[in-house]
Amino acid sequence: DKGDDGDPGTVANLPWIDALDNGVTGDGTTDDSTALQAIIDALPDEGGNILLTGTVNIGTASIDLSGKRNIRFIGLGGNGAGASQLSSIKSSKASGTAIDCRDTFAVSFERLMLLNDNDAFTGILLDYGLITTGSALMSLDDFLISLATGASTAKGLSLYGATQGNFRRGSFLGDGFLLALQNVSATGFCNA
């Protein structure tokens, strides 16, 4: 099931890549950052759809989408654990950004849990925030953003600088700033 993005003339017509068939284990313990980044970097300029199975583990390296466009991350369910289990992207990082979506256009996450399980985490789990132009058409659908208990200064979803965004059927869980709408000096808000 490739889902319905509501706009069959754009992203749905771009390449579909199964991450499991391209070096991403989804086993929850292997560091999948390098393999996932390689898939992202190999997409055509127009973008594409990346299908994720199981728990994709972001270890030491961040996933960098800066400057990309028309990319969908779609969870397909568990890695051998049943189709009803949501797929997840899990980060064990202690600091920095786990998934950098700044200065992107139409980057979405669907049917996914985005998790950080490090109590000492002080960074940003998913950053749609500002570099130079901000991010447009950001989207999350059927999602959970969760920060570890104790990560009281971390940010789950940073939207400062994002425009024209939407999210549906989502939940937030844990400590920290689960949904951050302001910049670090608290002087500006997102327009999403």
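Start the tour by selecting Lys 90, which counts as buried at 17% relative accessibility; here buried means under 20% relative accessible area, exposed over 50% and partly exposed in between, with a 1.4 Å probe and protein chains only. The model is a predicted one, in which local features need pLDDT of at least 70 and side-chain atom pairs count only at pLDDT 80 or more, whereas totals for chains, interfaces and linings use all residues. Residues are numbered from 1 along each chain as its sequence is written, and side-chain values use heavy atoms, with hydrogens and water left out.

**Stop 1: Lys 90 and its partner**

Add Asp 117 to the selection and display both side chains, which meet in a salt bridge with an N to O distance of 3.8 Å; the term stands for a side-chain nitrogen of Lys or Arg within 4 Å of a carboxyl oxygen of Asp or Glu. The pair links distant parts of the chain, 27 residues apart, with Lys 90 in strand β7 (residues 87-91) and Asp 117 in the loop between β9 and β10 (124-127). Strands (E, at least two residues) and helices (H or I, at least four) are DSSP runs, numbered from the N terminus. Unlike buried Lys 90, Asp 117 is partly exposed, with a relative accessible area of 43%.

**Stop 2: Asn 57, which also touches Lys 90**

Next select Asn 57 in strand β4 (residues 55-58), a residue that is buried at a relative accessible area of 7%. When residues up to four places away in sequence are not counted, Asn 57 is in contact (heavy atoms within 4.5 Å) with Gly 28, Thr 29, Thr 30, Asp 31, Asp 32, Ser 33, Lys 90 and Ser 92.

**Stop 3: the charged network around Arg 102**

The structure holds 6 salt bridges, and a second one to display is that between Asp 127 and Arg 102, whose closest N and O atoms are 3.8 Å apart. Asp 127 lies in strand β10 and Arg 102 in the loop between β8 and β9, so this pair ties together parts that are 25 residues apart in sequence. Asp 127 counts as buried at 6% relative accessibility, whereas Arg 102 is partly exposed, with a relative accessible area of 24%. Widen the selection to include Asp 100, because a network of salt bridges links Asp 100, Arg 102 and Asp 127.

While the loop between β8 (97-100) and β9 is on screen, pick out Asp 103, which has its place there and is buried at a relative accessible area of 17%. Most residues other than glycine have a negative phi. The phi of Asp 103, however, is positive, near 55°.

**Stop 4: along strand β9**

Move on to Arg 111 in strand β9, where phi is again a positive value near 55° in a residue other than glycine; Arg 111 counts as partly exposed at 23% relative accessibility.

In strand β9 select also Phe 109, which is buried with a relative accessible area of 1%. Leaving aside neighbours within four places in sequence, the residues in contact with Phe 109 include Phe 73, Ile 89, Ile 99, Cys 101, Leu 114, Leu 126, Tyr 128 and Asp 141. A C-alpha distance to draw here is that between Phe 109 and Gly 75, which are 34 residues apart along the chain and separated by 8.2 Å.

**Stop 5: the aromatic pairs**

A search of the whole structure finds 4 aromatic pairs; rings of Phe, Tyr and Trp (its six-membered ring) pair if their centres lie within 6.5 Å, and planes under 30 degrees apart count as stacked, over 60 as edge-to-face and the rest as tilted. Phe 73 and Phe 109 form a stacked pair, 4.9 Å centre to centre with 10° between the planes. This pair links distant parts of the chain, 36 residues apart, with Phe 73 in strand β6 (residues 69-75) and Phe 109 in strand β9 (residues 105-116). Phe 73 is buried, with a relative accessible area of 1%.

Then select Phe 143 and Phe 167, an edge-to-face pair at 5.8 Å centre to centre and 90° between the planes. Here too distant parts of the chain are linked, with Phe 143 in strand β12 (residues 139-147) and Phe 167 in strand β15 (residues 166-173), 24 residues apart. Phe 143 counts as buried at 5% relative accessibility, while Phe 167 counts as partly exposed at 34%. Adding Phe 172 to the selection shows the cluster in which ring pairs link Phe 143, Phe 167 and Phe 172.

**Stop 6: Arg 168 and Asp 141**

Finish with the side chains of Arg 168 and Asp 141, which meet in a salt bridge with an N to O distance of 2.6 Å. Arg 168 is in strand β15 and Asp 141 in strand β12, so that distant parts of the chain, 27 residues apart, are linked. Arg 168 counts as partly exposed at 45% relative accessibility, whereas Asp 141, one of the contacts of Phe 109, is buried with a relative accessible area of 11%.
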